[in-house]
Amino acid sequence: MQNVYFLLSAISFFSSYVDAPKFEAQVLDSNIAIGYGLAIGDVDGDKKPDILLADKKQFVWYRNGDWKRFILVSDLTASDNVCIAARDIDGDGKVEIAVGAQWNPGETSDTVKSGSVHYLIRPTDPTQPWKAVELHHEPTIHRMRWVKVSKDKFQLVVLPLHGRGNKDGNGKGVKVIAYERPTDVNKRWKMYTIDTTMHMTHNMDLVGDGDGEQLRIGGKEGIRAFRFDGSRWTAPSGKEWQVKGNGFGELRFDTCNTAGGMLAGIEPMHGNNLTVYTPGKHDRITLTAGLNQGHALAVADVVGSGLPQVVAGWREPDQQNKVGVKIFVAQDPTFTKWVDYWIDDNGMACEDLQLADLDGDGKKDIIASGRASHNLKIYWNKNPK
């Protein structure tokens, strides 16, 4: 009966929801170099989420409110920066930050020339430079996330693009590592090997799992899931997604708790296909095959429909010679009919994007960084609550 009520409510909503989603763009920075990766979290402890950015040679943050830009650390390695992870892991209301650099994806063997992982030590004044502590790393470090592994414990999960010596996706699998922060961060961090079976992994997502979170990794072989059982990482069965001939570059699971969970993906790596897999049956639906280097993805209910929408960005001109960001809105609760709307029409060569309620109005805003467009923007959510 509850499912019938939900179905009727959703149909009623979509029969009356005819307006395009409303967002208002604000440029925060028009002079970024590449904008490799974004993170959201409270840096200064004022209980407002700030924006953190991994740019080419600097890791920076933008203070919520005046959006002033502060440098965390500059020129960390000879090659580019590539990723950043920020999350409050000790409950003090301020994020802990880790970063990845020495981005050299063509070098898969030499740990000096490729890859780095650093934990940043917070200064008394967070607007001043932070101190970087170098941790063990594998070549081609590409993505990282703080993962909640139990009620009060987090680990830093780091994902390389390739395995050691891997060429064109062939050879050794990617060594996915989890780090456990010690009391003294300058001392040795305990490490766990999560997996070594995947090749050309590109991104990951987190899904709630009891008191912790399940880790789901996308790559050449599709998507695989992992969880920490208190002493080691395991791969629960029945949580794999396989796509013949493709694999996943980006993956995001819905935050609306629809039955069985909806998956959105960009296939293959740097791919053209934006897809969803429906809750329960996991039927594959292609929302568009027209992306050119799709590289940014988010899933959440940003229009207030009670169902998740898909926000996607791409970084190279498509067949209409446009880059941008679009939102795809389901028109029925079976997720079989979708309509897309522009968020940014040719003004954002999107490298990464995040969703967060930046102004405390209860609605998620969109934050995006542009590679060729060299910009950072907020798209303020102006939809009815």
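The paragraphs below lead through a predicted model of a protein chain, from its confidence to its sheets and its main pocket.

Because this is a predicted model, a careful reader may begin with the confidence scores, which average a pLDDT of 92 over the chain, with 93% of the residues scoring at least 70. That average hides a contrast among the elements, for strand β3 (residues 50-54) has the highest mean pLDDT, 99, while helix α1 (residues 2-16) has the lowest, 40. The low value of helix α1 goes together with a stretch, residues 1-17, over which pLDDT stays under 50 and for which the model has 16 contacts beyond four places in sequence.

Moving along the chain, one meets strand β4 (residues 58-62) and strand β5 (residues 69-74), which run antiparallel and are joined by five bridges. Within this pair, F59 has V73 of β5 as its bridge partner, and among the six residues that lie between the two strands of the hairpin, G65 takes a positive phi near 115°.

Next comes an open sheet of four strands, in the order β6-β7-β8-β9, with antiparallel pairing. At its edges stand β6 and β9 (131-135), and because each has a single partner strand, one side of each is left without a neighbour in the sheet. Neighbouring strands of this sheet are turned against each other by 25° on average, direction ignored. In the pairing of strand β7 (residues 96-101) with strand β8 (residues 116-121), which is antiparallel and extends over five bridges, A98 stands opposite Y119 of β8.

Further on, four strands form another open sheet, ordered β14-β15-β16-β17 and again antiparallel in its pairing. Here the edge strands are β14 and β17 (233-234), each of which pairs on one side only. Seven bridges join β14 to β15, and one pairing to look for is that of V207 with its bridge partner Q214 in β15.

Where do these strands meet the largest pocket? The elements that give two or more residues to its lining include β6 (83-87) from the sheet described earlier, and β14 (203-209) and β15 (212-219) from the later one, together with β2 (37-41), β10 (141-150), β18 (250-253), β22 (294-300) and β26 (350-356). The largest pocket has a volume of about 1200 Å³ and is lined by 47 residues, of which R145, D205, L206, R252 and T255 lie nearest its centre. By residue class, the lining divides into 24 nonpolar, 11 polar and 12 charged residues.

Notes. Residues numbered from 1 in each chain as written. Predicted model: local features only at pLDDT ≥ 70, side-chain atom pairs only at ≥ 80, totals over all residues. Heavy atoms only, no water. 1 Å grid on protein atoms, 1.4 Å probe; cavity = no way out; pocket = protein on both sides within 12 Å on 5 of 7 lines; lining within 4 Å. Points joined across faces, edges and corners; volume = space filled by probe spheres on them. Nonpolar A, V, L, I, M, F, W, Y, C, P; charged D, E, K, R; others polar. pLDDT = per-residue confidence, 0-100. Contact = heavy atoms within 4.5 Å. Pairing = 2+ DSSP bridges. Axes fitted to C-alpha atoms, helices over the stretch in contact; angles between N-to-C directions.
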